[in-house]
Amino acid sequence: MAAEQDPEGRAAARPLLTDLYQATMALGYWRAGRAQEVAEFELFFRRCPFGGAFALAAGLRDCVRFVRAFRLRDADVQFLASVLPPDTDPAFFQHLRALDCSGVTVRALPEGSLAFPGVPLLQVSGPLLVVQLLETPLLCLVSYASLIATNAARLRLIAGPEKRLLELGLRRAQGPDGGLTASTYSYLGGFDGSSNMLAGQLRGVPVAGTLAHSFITSFSGTEVPPDPMLAPAAGQGPRVDLAARVETWLERVCGHLGLGVQEPHRGERAAFVAYALAFPRDFQGLLDTYSVQRSGLPNFLAVALALEELGYQAVGVRLDSGDLLQQAQETRGVFRTVAAQFRVPWLESIPIAVSNNIDEEELARLAQKLVSVGGQPRMKLTEDPEKQTLPGSKAAFRLLGSDGALLLDVLQLAEEPPPQAGQELRVWPRGTQESCTVRPAHVEPLLRLWVQQGQLCEPLPSLAESRAFAQQSLSRLSPAHRRLEQPALYQVALSEKLRALVDRLSARGAL
């Protein structure tokens with residue numbers, strides 16, 4: 001598919017995004033005559049990130065794209081030959097050149113699903129050698145995406161559904177790929193958009209952003225706009241010298257605020273005028289380049305009120321340093337008095353955005369004040385119970401009460417019949433030695449079939465659709481599980497048959 005028709009393909013991972021030991025194991029399987037054995041691996045996590053009680057599953061779209069496009073090119077095989085033993089049989093490299101994922105099947109939680117410890121996010125089955133080579137890249141694609149989406153979801157829960165959250169972290173991201181992934185999956189997790197233009201181009205993430213401090217400091221105040229004239233928003237009437245109207249309004253604003261007209265920085269005001277001339281319908285002021293109260297606010301108000309005369313409405317302000325909560329409260333107070341003084345009602349509720357290392361603690365502090373912001377089961381045995389894996393090919397189901405509340409997730413062997421609504425079920429909660437019974441009113445299968453024998457089984461949801469599904473999923477969490485500090489742990493249980501298999505293999509010491 002041409003890049004123009006498939007923009008996401010330009011962001012796809014390469015086949016050698018893997019660990020060397022995956023290639024050495026592949027050679028070992030091939031030498032042992034086991035390359036075509038059917039195998040299955042699962043991706044799951046043992047603890048929820050950030051000390052929470054949930055995670056969001058993400059990265060499926062990237063995984064499916066990787067699997068369907070997987071093919072080692074000549075350059076890839078040549079590099080592998082350079083890092084494997086020099087006496088490696090050339091027939092092995094011929095085998096690698098012919099590899100594809102036509103025998104691979106992928107089951108996974110839909111993107112945006114709630115995920116809990118021990119429940120597979122992804123199941124991959126197929127020829128042993130191929131799925132071994134897929135393991136590391138699929139772990140990479142799912143793990144970071146799910147981490148970012150979960151973090152974004154937690155921030156959305158703090159901010160509430162109405163406040164606007166933007167991801168602006170590209171300049172500090174872990175490289176280009178990390179930046180693109182973070183922008184993409186923060187949107188899936190609940191953010192409203194990103195400053196990352198490539199995420200907009202390749203992934204359809206809404207892009208947003210205005211100006212930085214460097215734009216403001218580049219102006220000294222001596223600049224003369226080549227064309228300071230601005231037409232009214234309605235398109236009718238004479239054009240007006242915006243810079244001159246701003247100076248008139250500055251006198252009135254400073255008089256109201258008790259400031260001298262020389263106090264607001266001339267260069268900052270010139271920058272605001274230049275930006276307003278370029279974006280009269282989307283004018284936003286960055287207030288803290290010099291002094292919020294003595295410069296940023298009066299300069300912004302002078303430009304905003306001059307625009308208002310022409311029928312334009314400024315879209316907001318941004319604070320990027322200092323005590324953001326205190327400055328936001330003081331700024332809101334000024335907006336209210338100026339709105340009343342000059343009879344501009346919309347100014348009273350103009351959005352105030354904050355930026356600069358907003359973490360969960362800071363957002364929680366701000367949130368109430370701001371309006372923007374193959375056959376035989378295998379099991380890993382270890383002395384640490386948390387690091388034990390569960391054997392066999394498994395299915396996963398979510399059990400719900402009559403009111404739709406989440407009761408627990410149950411893992412069972414794939415061969416077992418699924419739980420039935422209204423029927424009592426005996427399960428073994430993980431981490432306990434006692435069983436319990438549950439009678440679900442509804443049962444939801446969790447793992448859907450996305451790729452079978454290399455072919456896509458159903459269309460993948462768009463990023464926007466997965467984002468909406470994530471918010472729907474989060475809304476089903478109980479307050480105790482949604483709580484970000486000391487949340488109640490969500491229960492994951494094993495079926496009787498799976499628990500019996502675990503006990504049997506543990507007793508044998510099977511690996």
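**Nonpolar cores and salt bridges**

In this predicted model, L134 makes contact with F41, F66, V67, F70, C101, V104 and V124, leaving aside residues up to four places away in sequence. L134 belongs to the largest nonpolar core, a set of 83 residues. Within this core, the residues with the most contacts are F92, L96, L122, V124, L129, L134 and L138; V124 is thus both on that list and among the residues touched by L134. Helix α5 supplies the largest share of the core, with 13 residues. A second core, separate from this one, comprises 50 residues, including A233, F283, A306 and I350. Such grouping fits a general pattern: in soluble globular proteins, nonpolar side chains tend to be buried together.

We can now turn from the nonpolar cores to the charged side chains. Across the whole structure, the search returns 17 salt bridges, and a few of them are described here.

Helix α5 comes up again in one of these pairs. R156, which lies in helix α5 (residues 128–159), meets D192 in a salt bridge with an N to O distance of 2.8 Å. D192 sits in the loop between α6 (175–188) and β7 (193–194), and the two partners, 36 residues apart, connect distant parts of the chain. Their surroundings can be compared through relative accessible area: R156 counts as buried because its value of 6% falls under the 20% limit, whereas D192, at 26%, is partly exposed. The pairing also extends further, as salt bridges with shared partners bring R156, D192 and R467 together in one network.

A buried pair is found at E42 and K394. The closest N and O atoms of this salt bridge are 3.1 Å apart. K394 has a relative accessible area of 3% and is buried. E42 is buried too, at 19%, and it is classed this way because the cut-off for burial is under 20%.

What is the exposure class of R34, and what is that of E37? The side chains of R34 and E37 form a salt bridge at 3.0 Å, N to O. R34 is partly exposed, with 34% relative accessibility, and E37 is likewise partly exposed, with 37%.

Taken together, the three pairs cover several settings: E42 and K394 are both buried, R34 and E37 are both partly exposed, and the D192 and R156 pair joins a partly exposed residue to a buried one.

Terms used. Residues are numbered from 1 along each chain as its sequence is written. This is a predicted model: local features need pLDDT of at least 70, side-chain atom pairs count only at pLDDT 80 or more; totals for chains, interfaces and linings use all residues. Side-chain values use heavy atoms; hydrogens and water are left out. A salt bridge is a side-chain nitrogen of Lys or Arg within 4 Å of a carboxyl oxygen of Asp or Glu. Buried means under 20% relative accessible area, exposed over 50%, partly exposed in between (1.4 Å probe, protein chains only). Helices (H or I, at least four residues) and strands (E, at least two) are DSSP runs, numbered from the N terminus. A nonpolar core is a set of buried Ala, Val, Leu, Ile, Met, Phe, Trp, Tyr and Cys residues joined through side-chain atoms within 4.5 Å. Contact means heavy atoms within 4.5 Å.
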